[in-house]
Structure formats: C-alpha cells, structure tokens
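These are my notebook entries on how two copies of a chain meet. I set down what I looked up, entry by entry.

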There are 2 protein chains.
Amino acid sequence: MKALLLIAHGSRKVSSNQEVADLADKLKQQTSPFALVTHGFLELTSPKVPDAVAKLVEEGAKEVTILPYFLAAGMHVTEDLPELLSEAKANYPQVTFTLLEHLGAADLMPSWILQQAARDK
Amino acid sequence: MKALLLIAHGSRKVSSNQEVADLADKLKQQTSPFALVTHGFLELTSPKVPDAVAKLVEEGAKEVTILPYFLAAGMHVTEDLPELLSEAKANYPQVTFTLLEHLGAADLMPSWILQQAARDK
C-alpha cells in the first residue's frame, strides 16, 4: 500500500498547523496513487514525524513517499529530514521510504505560481 | 503594463534567498500575462518589498499582482502584507495593486502536491 507523508515545520500559531492538517484532508479526498495520506511536523506541535510514520506503517503502508512542505531548503530540509528518513528506514526495514525534494524546488513551481496569479485576478 | 511581485519572508541563509531570486528569474522566462516580474523580501535581505514595488512602477507597471510566497498565514501574511499593500496604494495611486492569498491557500495546492509526488517517484 502506498502512502504520502506531508512534512511541515509546525508553528506556534494553531491556525497555521490546521492549514497543514486541512491540506492533508484534501489530499485524502483526491484520486491518487496513495491509499494513505497523513502529515507530520518537525517542531512545536503534533503529530511529530516519527509518530506519523508509525501510524502509516501500522495502517499497512509498504511504500511511503515523503514530501517536505517547505518553500526553502533551510536546515530543517537539508539536515533534519535526511536524519528522520534514516531513522524511519532503520525502524521499518520492510518499508520503502522516498524523500522528495522540498516543494519550493519543484520544477513546476513557476507554472503553479502563474496558474494561481491568473486564477485569482 | 502588468507586473507580478513575488513576496517571500527572507532568510539568513543566502541560498534560501537565492531560491526566491531564481524562481523570479524562471517566472520571467515563462509566457505569461506579466510583462514584468520581480521579487521582494519582508526581512533580513534585500530587495525589500517597497523597493521592489518602486522598481516595478519605474519600469512602467500599471497593474501589480502580489503573490505571497508563503505556505502558512502567519503574522507576516495577515498583518505585514496588508500594511505594505496600503502603503503601495498610497504611494502610487495611479497603479492598481492586487494582493492574492498566500500560496499555501491555493485551491490547487492538493493537485500540485500530487503532481509533484507522482513526478519524482
């Protein structure tokens, strides 16, 4: 079973964390290759990433795609995420984990921005 | 002349600011309704937003679409940006400014995430 894990930084602002949870809910409703979708935070709020991973594995995930919901490759992206990936691989050797680039690095970002800029005018 | 202004927070990390500048450069290269594209930061680095706005107006912008390059509606998005918008409108009454929602609030975000998750696998 394929799973998508959205990772965000986590904020002191409850509404910002809720935005991420709402986004994960919308992703669950979309038709996609991912039977399971969830989100995890690095700091300040829960669920934390290791708990999100554990939940996905319990639910039967065999392939977990991890998308860092970050616009810039700060230390969290370049250091914390590879470390969390290593831990997940060590804890669940029977599961395949794929860490994607952070969202801001997506080749399609310029197109997405233009879609949005044209849409809301 | 239509212009697109991408606003990001600004980082102490030079490479993170460069990511935004590179994105603005890519946007310039795309076919779009925007004859002018530039970026501005709120903090920590330049160009700051007011300078970016001034440059666009000098270059002949009559309609400026402002896209907050943020994933969450933190205080910067909810307070600083409306204030910068008011200032821009006051300083350049002959120019139309439209402040879009922050990128994370885009209706299309779930689709974009799935595009990215499918693409990089």
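Entry 1, the shared surface. I compared the two sides and found that 100% of the interface residues of chain A are also interface residues in chain B, so the copies meet through the same surface. I took two residues as in contact if their C-beta atoms, placed from the backbone, lie within 7 Å.

Entry 2, provenance. I note that the model is predicted, that local features need pLDDT of at least 70 and side-chain atom pairs pLDDT 80 or more, and that totals for chains, interfaces and linings use all residues. Residues are numbered from 1 along each chain as its sequence is written, while chains are lettered from A and ligands numbered from 1 in the order in which they are written.

Entry 3, symmetry. I looked up the operation that superposes chain A on chain B: a rotation of 180° with 0.0 Å of shift along its axis, at an RMSD of 0.0 Å (least squares on the C-alpha atoms of residues with pLDDT of at least 70 in both copies). The two copies are thus related as by a two-fold rotation axis.

Entry 4, the make-up of the interface. I read that 37 residues from chain A and 37 residues from chain B take part in the contact. On the side of chain A that touches chain B, helix H1 (14-29), strand E3 (63-68) and H4 each supply at least two residues. H4(A) gives the largest share of that side, nine residues. Helices (H or I, at least four residues) and strands (E, at least two) are DSSP runs, numbered from the N terminus.

Entry 5, the helix pair. I find that the axes of H4(A) and H1(B) (residues 14-29) come within 9 Å and cross at roughly 70°; axes are lines fitted to C-alpha atoms, for helices over the stretch in contact, and angles run from 0 to 180 degrees between N-to-C directions. H4(A) and H1(B) are therefore roughly perpendicular to each other (65 to 115 degrees; under 35 is roughly parallel, over 145 roughly antiparallel, the rest oblique). Met109(A), Pro110(A), Ile113(A) and Leu114(A) of H4(A) make the contact with Leu23(B), Lys26(B) and Leu27(B) of H1(B).

Entry 6, one residue of H4(A). I located Ala117(A) in helix H4 (residues 109-119) of chain A. Ala117(A) is buried, with 23 other C-beta atoms within 10 Å (buried means 20 or more, exposed 12 or fewer, partly exposed in between). Across the interface, Ala117(A) touches Leu4(B), Thr65(B), Leu67(B) and Leu100(B), not counting residues up to four places away in sequence.
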